[in-house]
Amino acid sequence: MATYAIGDLQGCLQPFQQLLDLIGFNSRHDRLWLVGDLVNRGPDSLETLRFVRELGDAATTVLGNHDLHLLVAAAGFGRIHKSDTLEGILTAPDRDDLLDWLRTRPLFHHEDKFAMVHAGLLPQWDVTRATELAAEVESVLQGPQHLELARHTYGGQPDQWDDKLTGWDRLRVIINAMTRMRVCTADGRMEFHHKGKPENLPKGFMPWFDVPGRRSANVSLIFGHWSALGLRVSSNLLAIDGGCLWGRQLCAVRLEDRRVFQINCSRQAD
């Protein structure tokens with residue numbers, strides 16, 4: 001049995017299947033950890049969502065910002081962008097089953113010495129606190145207020161965590177940190193515009209994982225979301241968005257020995 005963490009799929013089903021062939025994945029014995037953004041921008045969002053759902057317990061996936069964008073759009077809020085490839089899901093006969101399944105995915109997953117999130121964790125959150133905060137969002141997302149959550153998901157404010165936050169502001173900060181953040185200040189104020197390499201950052205900002213004293217540094221934290229960062233594997237950090245959508249690689253890391261597997265991708269997005 002082996003566990004493989006795999007980077008952002010974004011509807012790129014063919015490279016995903018090629019990567020599974022490369023690693024010799026067997027759903028009866030092996031497990032996949034998927035860092036979110038199963039859908040959008042790539043050509044096969046519907047088929048990718050169906051494929052992952054059919055893997056059942058063999059696949060653990062956390063929600064990414066594009067997955068939440070799908071749920072918000074399906075709820076009738078926000079807008080579909082020209083570059084989105086979600087229409088096939090929104091008009092599919094099994095649309096409701098797929099969306100209901102997606103809503104039950106977690107924001108954060110922690111198991112033994114590894115943890116997984118789509119984008120990042122604020123520096124003041126350890127994995128226990130992150131698990132608790134993610135559960136607050138998951139409870140609403142999976143409950144009768146999920147449409148109201150969709151209404152209030154978008155927005156960049158508040159841009160900093162405060163334990164005194166309540167209501168939709170509180171949930172929005174948790175969602176933004178775990179699904180959108182790339183950089184923040186030493187005290188955890190987030191900035192959402194920088195998407196390039198971790199250089200020439202706005203004054204006072206740094207990659208969230210470089211904040212001194214980050215409280216989640218005692219586990220190996222797996223994340224995607226930052227394709228310009230590329231693959232990085234260290235003792236307590238596995239950044240695995242290889243930019244498949246942009247014509248680079250789809251990456252898998254076998255957690256037992258941290259061996260890296262990669263498939264070269266053709267560009268899937270304009």
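Q: In this predicted model, how far is the sulfur of Cys251 from the closest cysteine sulfur?
A: A disulfide is a covalent bond between the sulfur atoms of two cysteines. Two such sulfur atoms have to lie within 2.5 Å to be taken as a disulfide, and the cysteine sulfur closest to that of Cys251 belongs to Cys265, which is too far away for a bond. The distance from the sulfur of Cys251 to the sulfur of Cys265 is 8.2 Å.

Q: Which cysteine is joined to Cys244 by a disulfide?
A: The count of disulfides in this model comes to 1. In this link the distance from S to S is 2.2 Å, which meets the cut-off because a pair of sulfur atoms counts when they are within 2.5 Å. The partner of Cys244 is Cys265.

Q: Is the link of Cys244 and Cys265 left-handed or right-handed, and how many residues apart are the two cysteines?
A: The angle about the S-S bond is -105 degrees, and the link is left-handed. The pair links distant parts of the chain, with Cys244 in the loop between β11 (237-239) and β12 (249-254) and Cys265 in the segment after β13 (259-264). Along the chain, the two cysteines are 21 residues apart.

Q: Is Cys265 buried or exposed?
A: A residue is called buried when its relative accessible area is under 20%. Cys244 meets this condition with 1% relative accessibility, and Cys251 meets it with 0%. Cys265 has 10% relative accessibility, so this cysteine counts as buried.

Q: Is Arg28 buried or exposed?
A: Arg28 is found in the loop between α1 (13-23) and β2 (31-34), and its C-alpha atom is separated by 9.7 Å from that of Leu55, a residue 27 places away along the chain. To count as exposed, a residue needs over 50% relative accessible area. With its 69% relative accessibility, Arg28 is therefore exposed.

Q: Which elements do the buried residues of α5 pack against?
A: Helix α5 spans residues 95-103, and its buried residues are Leu98, Leu99, Trp101, Leu102 and Arg103. These buried residues pack against one strand and several helices, namely β3 (59-61), α2 (45-54), α3 (65-74), α4 (87-90), α6 (127-141) and α7 (146-152).

Q: Which residues make the nonpolar surface patch of about 180 Å²?
A: One member of the patch is Leu231, which lies in the loop between β9 (220-223) and β10 (232-233). Leu231 counts as partly exposed because its relative accessibility is 31%. The patch is made by Leu231, Val233 and Val260.

Key:
Residues are numbered from 1 along each chain as its sequence is written. This is a predicted model: local features need pLDDT of at least 70, side-chain atom pairs count only at pLDDT 80 or more; totals for chains, interfaces and linings use all residues. Side-chain values use heavy atoms; hydrogens and water are left out. Helices (H or I, at least four residues) and strands (E, at least two) are DSSP runs, numbered from the N terminus. Buried means under 20% relative accessible area, exposed over 50%, partly exposed in between (1.4 Å probe, protein chains only). Contact means heavy atoms within 4.5 Å. Patches are made of residues with over 30% relative accessible area and no salt bridge: like charges are joined within 9 Å, nonpolar side chains (Val, Leu, Ile, Met, Phe, Trp, Tyr) within 5 Å. Accessible areas come from the Shrake-Rupley method with a 1.4 Å probe; for residues, only the protein chains shown count as cover. A salt bridge is a side-chain nitrogen of Lys or Arg within 4 Å of a carboxyl oxygen of Asp or Glu.
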